[in-house]
Amino acid sequence: MGLATMNSKLESGIYGEGKEAAAKLYSDFLLMFDNCRLYNEDDGEVTEEAARIMSIVPELYGGVCAAILKKQK
């Protein structure tokens, strides 16, 4: 799983719509970072950068979801 695949799935509508789509997208983010840990050295630069990015993903995701829900009301 990678960002290009996720973008393609978004553009083609594979994720679907609404809450289900948001959950599937988030699941793919988690899979991407799990794969990063699995296929890179534990103390390597790639894994460290992935951990840094992953630390901000939940907050960003929550903010985007809140903005979308607010816009839908």
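## Overall architecture

The protein chain contains 3 helices and 0 strands. Its order along the sequence is accordingly written as α-α-α. The model described here is a predicted one. Helix 1 covers residues 3-12, helix 2 covers residues 18-39, and helix 3 covers residues 45-72.

Taken along the principal axes, the C-alpha atoms of the chain fill a box of roughly 45 × 25 × 15 Å. The chain has 73 residues, of which 19% count as buried. Its accessible surface comes to about 5600 Å², and 59% of that surface belongs to carbon and sulfur atoms. Among contacts in the chain with a separation of 6 or more, 42% are made by residues 24 or more positions apart.

## The nonpolar core

The largest nonpolar core consists of 10 residues: M6, Y15, A21, L25, M32, F33, C36, A50, M54 and V57. Two or more residues of this core come from helix 2 and also from helix 3. Helix 2 gives the most, with 5 residues.

One core member, M54, illustrates how such residues meet others elsewhere in the sequence. Leaving aside residues up to four places away in sequence, M54 touches Y26, L30 and F33. Of these partners, F33 is itself listed in the core.

## D28, a buried charged residue

D28 is found in helix 2. Is this residue buried or exposed? D28 counts as buried because its relative accessibility is 8%, and the cut-off for that class is under 20%.

Which residues does D28 touch, not counting those up to four places away in sequence? The contacts are with M1, M6, K9 and Y15. Two of these partners, M6 and Y15, are also members of the largest nonpolar core. With K9, the contact includes a salt bridge between the two side chains, at 2.8 Å from N to O. Because D28 lies in helix 2 and K9 in helix 1, this pair ties together parts that are 19 residues apart in sequence.

## Salt bridges within single helices

Side chains of opposite charge can pair when their charged atoms come close. The structure holds 4 salt bridges, including the one between D28 and K9. Another joins E20 and K24, whose closest N and O atoms are 2.9 Å apart. Both residues lie in helix 2, separated by 4 residues, or about one turn of the helix. E20 counts as exposed because its relative accessibility is 51%, and the cut-off for exposed is over 50%. K24, at 34%, counts as partly exposed.

A further salt bridge links the side chains of R52 and E49, at 2.6 Å from N to O. These two residues both belong to helix 3 and are 3 residues apart, about one turn of the helix. R52 is partly exposed, with a relative accessible area of 46%. E49 is also partly exposed, with a value of 36%.

## An aromatic pair between helices

How many aromatic pairs does a search of the whole structure find? The search finds 1. The pair is formed by Y26 and Y61, with 4.4 Å from centre to centre and 35° between the planes, and it is tilted. Since Y26 lies in helix 2 and Y61 in helix 3, the pair ties together parts that are 35 residues apart in sequence. Y61 is partly exposed, with a relative accessible area of 25%. Y26 has a further contact with M54, a residue of the nonpolar core.

## Surface features

Nonpolar residues also appear at the surface. I53, I56 and L60 make a nonpolar surface patch of about 250 Å². Within this group, I53 has its place in helix 3. At 32% relative accessibility, I53 counts as partly exposed.

N7 offers an example from helix 1. This residue is partly exposed, with a relative accessible area of 39%. How far apart are N7 and S27 in sequence and in space? They are separated by 20 residues in sequence and by 14 Å in space, taken from C-alpha to C-alpha.

Definitions and conventions: Residues numbered from 1 in each chain as written. Predicted model: local features only at pLDDT ≥ 70, side-chain atom pairs only at ≥ 80, totals over all residues. Heavy atoms only, no water. Buried < 20%, exposed > 50% of the residue type's maximum accessible area, 1.4 Å probe, protein only. Contact = heavy atoms within 4.5 Å. Core = buried A, V, L, I, M, F, W, Y, C linked by side-chain atoms within 4.5 Å. Phe/Tyr/Trp six-rings, centres within 6.5 Å; stacked < 30°, edge-to-face > 60°. Patch = residues over 30% accessible without salt bridge, like charges linked within 9 Å, V, L, I, M, F, W, Y side chains within 5 Å. Areas by Shrake-Rupley, 256 points an atom, 1.4 Å probe, with all protein chains shown as cover.
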